[in-house]
Amino acid sequence: MRIVILENQDAVHQRAADLFCTLLDQRPDATLGLATGGTPLGTYEELVSRFEEGRVSFAECTTFNLDEYLGLPAGHPESYLRFMEHNLFSRANFDSSYCHLPDPHIEDPAEACRLYEQMIDDAGGIDLQLLGIGSDGHIAFNEPGSSLASRTRVKALTQQTREDNARFFDSIDDVPTLAITMGIGTIMEANSILLLAIGSGKAEAVEAFVEGPLTAQVPASALQMHPTVTVLLDPAAASRLKRRSYYEYVENLQLELEQGVSRHPNG
Ligand code: PGA
């Protein structure tokens, strides 16, 4: 895992947007895995600004979101489809026919899950998957105890997740209890993964998944088994990491390499 501790949350969003823009520059028809929640909002703002400045185009890309609530009426303002339309898709040149979320209105949710896996497969898999992390260590809606090999399926949300998400609803009673979510096995098939964490509320989960054991009790710890993960943190989210100075040292070396600075004494 490449652990990058940046000076503040703006820098996290800039760096995240850089990674998306670099990919789309190289491969305009890349397949992006997208996320909802408070964390990616700043990244989406940055991508929209860069689109408005003519620095990036989304016209040819395909997107798959991680998850969607089950049980909200179609068009509900807190559905993840509406979230994505409002915060990203309608603000740049996405082709809505290429933008996918699990469909919570198919009568048989198991069929919706199977179809979603099929669509990801048909698209040739996900090139870059964006993730946040729950305060309980979840990724997408894979709550603690989720199989590390799980596929897209229906999951019950924990009380902690419903409390965390209650800020988007009038009351916690309005937060759905179920969601369709990509599984951990599905997420792990993405070519590369970008996880963002901001704020002290995420510090414990970040410490657990980066430095703790691989365990279904911390679903994000599965990322320890993925070869290409970048974790972008602000100082508060990184505040419990014990090996922080090592991560900073490695990151500086990595940046020097990427910028082509010769380490040869005569170079
Ligand atoms: P948040 O949620 O970005 O709203 O904190 C992250 C998550 O639950 O994955």
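**Entry 1: strand S10.** I looked up the two faces of S10 and found both covered: Val-229, Val-231 and Leu-233 on one side, and Thr-230 and Leu-232 on the other, are all buried. I note that the model is a predicted one. S10 spans residues 229-233, and five of its five residues are buried. I recalled that side chains in a regular strand alternate between the two faces of the sheet.

**Entry 2: partners of S10.** I next examined the strands paired with S10. Strand S1 (residues 2-5) runs parallel to S10 and is joined to it by four bridges. Strand S9 (residues 192-197) also pairs with S10 in the parallel sense, over five bridges. I then followed Leu-232 in S10: Val-4 stands opposite this residue, and so does Leu-196.

**Entry 3: aromatic rings.** I searched the whole structure for aromatic pairs and obtained nine. In one of them, Phe-64 and Tyr-116, the ring centres are 5.7 Å apart and the planes meet at 75°, so I recorded the pair as edge-to-face. This pair links distant parts of the chain, since Phe-64 belongs to strand S3 (residues 62-65) and Tyr-116 to helix H4 (residues 109-122), 52 residues apart. I checked the accessibility of both residues. Phe-64 has a relative accessibility of 1% and counts as buried; Tyr-116, at 0%, is buried as well. I also noted a cluster in which ring pairs link Tyr-69, Tyr-80, Phe-141 and Phe-169.

**Entry 4: a surface patch.** I found that Tyr-246, Tyr-249 and Val-250 form a nonpolar patch on the surface, with about 300 Å² of accessible area together. Tyr-249 lies in helix H8 (residues 244-258). Arg-243 lies over the face of Tyr-246, at 5.4 Å from the ring centre.

How values were computed. Residues numbered from 1 in each chain as written. Predicted model: local features only at pLDDT ≥ 70, side-chain atom pairs only at ≥ 80, totals over all residues. Heavy atoms only, no water. Phe/Tyr/Trp six-rings, centres within 6.5 Å; stacked < 30°, edge-to-face > 60°. Buried < 20%, exposed > 50% of the residue type's maximum accessible area, 1.4 Å probe, protein only. Lys NZ or Arg CZ within 6 Å of the ring centre and 35° of its normal. Patch = residues over 30% accessible without salt bridge, like charges linked within 9 Å, V, L, I, M, F, W, Y side chains within 5 Å. Areas by Shrake-Rupley, 256 points an atom, 1.4 Å probe, with all protein chains shown as cover. Salt bridge = Lys/Arg side-chain N within 4 Å of Asp/Glu carboxyl O. Pairing = 2+ DSSP bridges.
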